Amino acid sequence: MDIIRRGAKLVDKLIIGVSTNPSKSPMFTLDERVAMVTRETEDLGDAVGVVSFDALLMKFAEAQHAQLIIRGLRAVSDFEYEYQMAGMNQQLNARIETVFLMADVALQPIASKLVKEIAIYDGDIRKFVTPRIAADVVARVAQLGARR
């Protein structure tokens, strides 16, 4: 939300692309994640939209008529990966710029993988996510069976 709120100030319309990363194991389906992001960004009004996609990022950006892609960075390790991806994306479409925003310092250690692990082991995740997301995660963990 930090990157979304700050990124929305930089553009007329911010489209949040929600996709499936084949190298990750999400706790929620694509449709559930789109609904969650839509709910969490409602207070930003029409300046923000949420769209799912299953394609190359640059193909998605082109379909949205995007002029830039905003990517959030937490650490140097994020930068190395994101820098490489930005270079590849520029080769695919040099008309679309990539802009990096550093996460707020207080948020930099937060990673979805770690938040999921804390929740699975019945830890309190409320300081890492919004109250509604925390409730969603706790409910999903209850369905899956938390480890105690």
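## Close-up views of helices H2 and H6 and their surroundings

**View 1. A salt bridge joins the side chains of Arg-39 and Asp-136, with 2.6 Å from N to O.** A salt bridge here is a side-chain nitrogen of Lys or Arg within 4 Å of a carboxyl oxygen of Asp or Glu. The two partners lie in distant parts of the chain, since Arg-39 belongs to helix H2 and Asp-136 to helix H6, 97 residues apart. Helices (H or I, at least four residues) and strands (E, at least two) are DSSP runs, numbered from the N terminus. The model is a predicted one, in which local features need pLDDT of at least 70 and side-chain atom pairs count only at pLDDT 80 or more, while totals for chains, interfaces and linings use all residues. Residues are numbered from 1 along each chain as its sequence is written, and side-chain values use heavy atoms, with hydrogens and water left out.

**View 2. Arg-39, Glu-40, Arg-132 and Asp-136 are linked in a network of salt bridges.** Within this network, the side chains of Glu-40 and Arg-132 meet in a salt bridge of 3.2 Å, N to O, and this pair also links distant parts of the chain, with Glu-40 in helix H2 and Arg-132 in helix H6, 92 residues apart. Glu-40 counts as buried at 7% relative accessibility, whereas Arg-132, at 40%, counts as partly exposed, and Arg-39 is partly exposed as well, with a relative accessible area of 22%. In these legends, buried means under 20% relative accessible area, exposed over 50%, and partly exposed in between (1.4 Å probe, protein chains only).

**View 3. Helix H6, residues 131-144, has one side that carries its buried residues.** The helix has 14 residues and reaches 20 Å from its first C-alpha to its last, close to the 20 Å expected at 1.5 Å a residue, where the expected span is 1.5 Å times one less than the number of residues. Its buried residues are Ile-133, Ala-134, Val-137, Arg-140 and Val-141. They lie on the same side of H6 because they cover an arc of only 130 degrees around the axis, the arc being that of the directions from the helix axis to the C-beta atoms. The face turned away from this buried side carries the exposed residues Pro-131, Ala-142 and Gln-143. The buried residues of H6 pack against helix H2 (30-40) and helix H5 (112-120), with contact meaning heavy atoms within 4.5 Å. Just after H6, Gly-145 takes a positive phi of about 95 degrees.

**View 4. Helix H2 packs its buried residues against S1, S2 and H6.** These buried residues are Arg-33, Val-34, Met-36 and Glu-40. Seen down the axis of H2, they fall within an arc of 165 degrees, so they line one face of the helix.

**View 5. Strands S1 (residues 14-18) and S2 (residues 48-52) pair in the parallel sense over five bridges.** Two strands count as paired if DSSP finds at least two bridges between them. Gly-17 stands opposite Val-51 in S2. The chain crosses from S1 through H2 to S2 in a right-handed β-α-β crossover, which is to say that, with the strands pointing away from the viewer, the path from the first strand over the helix to the second runs clockwise.
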